Amino acid sequence: MAGGTVVQGSADVNRVEAPVTVKAYLMCAFAAFGGIFFGYDSGYINGVMGMNYFIQQIEGPGATALSGDHKSLITSILSAGTFFGALMAGDIADWIGRRTTIIGGCVVFLVGVALQTASAGLALIVAGRLVAGFGVGSVSAILILYMSEIAPRKVRGALVSGYQFCVTVGLLLASAVDYGTQNRNDSGSYRIPIALQMLWAMILGVGLFILPESPRYFVKKGKLDSAAKVLARLRGQPVESELIQDELAEIIANHEYELSVAPSGGYWSTWGNCFRGSLWKSSSNVRRTILGTSLQMMQQWTGVNFVFYFGTTFFKQLGTIQNPFLISLVTTLVNVFSTPISFWSMEKIGRRPLLLWGALGMVICQFIVAIIGTVTSTESAVKAMIAFICIYIFFFASTWGPGAWVVIGEIYPLPMRARGVALSTASNWLWNCIIAVITPYMVDEDKGNLGAKVFYIWGGLCTLCFIYAYFLIPETKGLTLEQVDRMLEETTPRTSAKWVPHSTYAAEMGFTDKVAGAHVENTSKEEV
């Protein structure tokens, strides 16, 4: 038996998770801090690309704006790095652990930021954003995985929403710093916003040295002694507590069950597990993978990053805006103050209703903005457009912003969870990259020159988001990760909200009658 730990479970569905202490909540809350440097890194480039000194560094003396090609390259290259960083992180997290992978991502990110800070032209800023992207991609994928695995079920949605809140705080800080340095006539105008990112990565990286590894990672590796100790630390209970034994037994039993359904093999076989099963069965691995990757794609299709990446230049094009930097700061403030609503609503209302109503609200606002911008361009019309853009951001920030991250952390079984979350996050960054590449060509005056008409496109895509949420998003609130597995097997997305736990994996796998150790030998031999 791996580690010598003896575990006996319970058939009581109310004893599958030990009570949680304030200390555990604080651990999860600190992990969410990683969203700050993700948000900051995504947001600072919006203002920097509108700074006169930076424009002239890239385009040459006398230039007043970045070319569409350079704007597209600088913005999208980060997302290209994050795509590959997220994909690689799934393997690394299963190999060396969730926590260590995040710390490594922080180190890679610091290297990328150093390159950007030293830049005085296009080549180095692009190279630095590519390297930083690898770090951001790995951290953004595995931080969601880590938080989902250590967070208590009753507040898992709220705590993972805290990650999205930290993303919005990062965006706000980036806007504020850009606003403060925009009028400097030296390299400090762009180097200060870039270099400040180092602080967020160092805080997260150093802090994670103090936090424990995920107990579910240790179960996956067959290290049950370590899993029991970490779980006891997270739940504030002694290792010998029956509550800890019951929760650990349920995690082990679920892992055993999933391995019995899809046995592990070599490296490529474990990747292949992500795509096994029937497309018509909602609990199959391939359906879960499609759900996670398509959900992140849909989140990008809402068009919100158009506002945060290109808001400053878009507001300049409207003509009547005196200070586009200030308007970008206002939209970011709306984003920050709307997100905390999800801390309450994610657990009280649920994931599925929020994604449905959020998509509907965004559709209405986007079509209103598009219609106003098509009909007139008076100062009062522009003000109305900005107001509805802010309402649209409110709907996104309180629903789809956090909701997509919450759901992808819950839907995958343990044997494929790291790779599943990595694939989902990579999908987010892939579509982030695609949108960053094509948007300047759609809206720039020397290209597509759509202007406000681009909101017809975002409105149409949000209509698809509403249909998608209705047919495909399950309700997962209040369930342990193991109970989510069972719910997906027994319901459809439209009936999932009515499902209640009725048995435990520990009981079904015989862990209430005999020790878990006899079942765990194969787990320690699993190849990742």
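Let's start on the inside: the largest cavity in this structure has a volume of about 200 Å³. Keep in mind as you look around that this is a predicted model. That cavity has company, since the count comes to 6 cavities of 30 Å³ or more.

So what surrounds the largest cavity? Its lining is made up of 17 residues, and if you want to find the middle, look for Phe38, Gln164, Val167, Gln300 and Asn305, which lie nearest its centre. Several helices come together here: those giving two or more residues to the lining are helix 2 (34-48), helix 7 (156-181), helix 14 (285-301), helix 15 (304-317), helix 19 (379-408) and helix 20 (414-443). Helix 15 makes the largest share of the lining, with 4 residues. As for the chemistry, you'll find 9 nonpolar and 8 polar residues lining this cavity, but no charged ones.

Now step back and take in the whole protein. How many helices and how many strands are there? There are 24 helices and 0 strands. The protein has 528 residues, and 62% of them count as buried. The contacts also reach across the sequence: take those with a separation of 6 or more, and 79% of them are between residues 24 or more positions apart.

Next, have a look at the largest nonpolar core, which holds 146 residues. Phe54, Tyr163, Leu295, Phe306, Trp400 and Phe455 are the ones with the most contacts inside this core. Helix 19, already met in the cavity lining, gives the most to the core, with 15 residues.

Trp400 is a good place to zoom in. Leaving out residues up to four places away in sequence, Trp400 touches Leu295, Met298, Gln299, Leu355, Gly358, Ala359, Met362, Phe395, Cys465, Tyr468 and Ala469. One name there, Leu295, is also on the list of core residues with the most contacts.

Another of Trp400's partners, Cys465, brings us to the cysteines. How many disulfides does a search of the whole structure find? The search comes up with 0. Cys465 shows how that plays out: the closest cysteine sulfur is in Cys462, 4.8 Å away, so the two are too far apart for a bond. For a disulfide, the sulfur atoms would have to be within 2.5 Å. Is Cys465 buried or exposed? Cys465 counts as buried because its relative accessibility is 0%. Cys274 is also at 0% relative accessibility, so Cys274 counts as buried too.

Technical notes: Residues numbered from 1 in each chain as written. Predicted model: local features only at pLDDT ≥ 70, side-chain atom pairs only at ≥ 80, totals over all residues. Heavy atoms only, no water. 1 Å grid on protein atoms, 1.4 Å probe; cavity = no way out; pocket = protein on both sides within 12 Å on 5 of 7 lines; lining within 4 Å. Points joined across faces, edges and corners; volume = space filled by probe spheres on them. Nonpolar A, V, L, I, M, F, W, Y, C, P; charged D, E, K, R; others polar. Buried < 20%, exposed > 50% of the residue type's maximum accessible area, 1.4 Å probe, protein only. Core = buried A, V, L, I, M, F, W, Y, C linked by side-chain atoms within 4.5 Å. Contact = heavy atoms within 4.5 Å.
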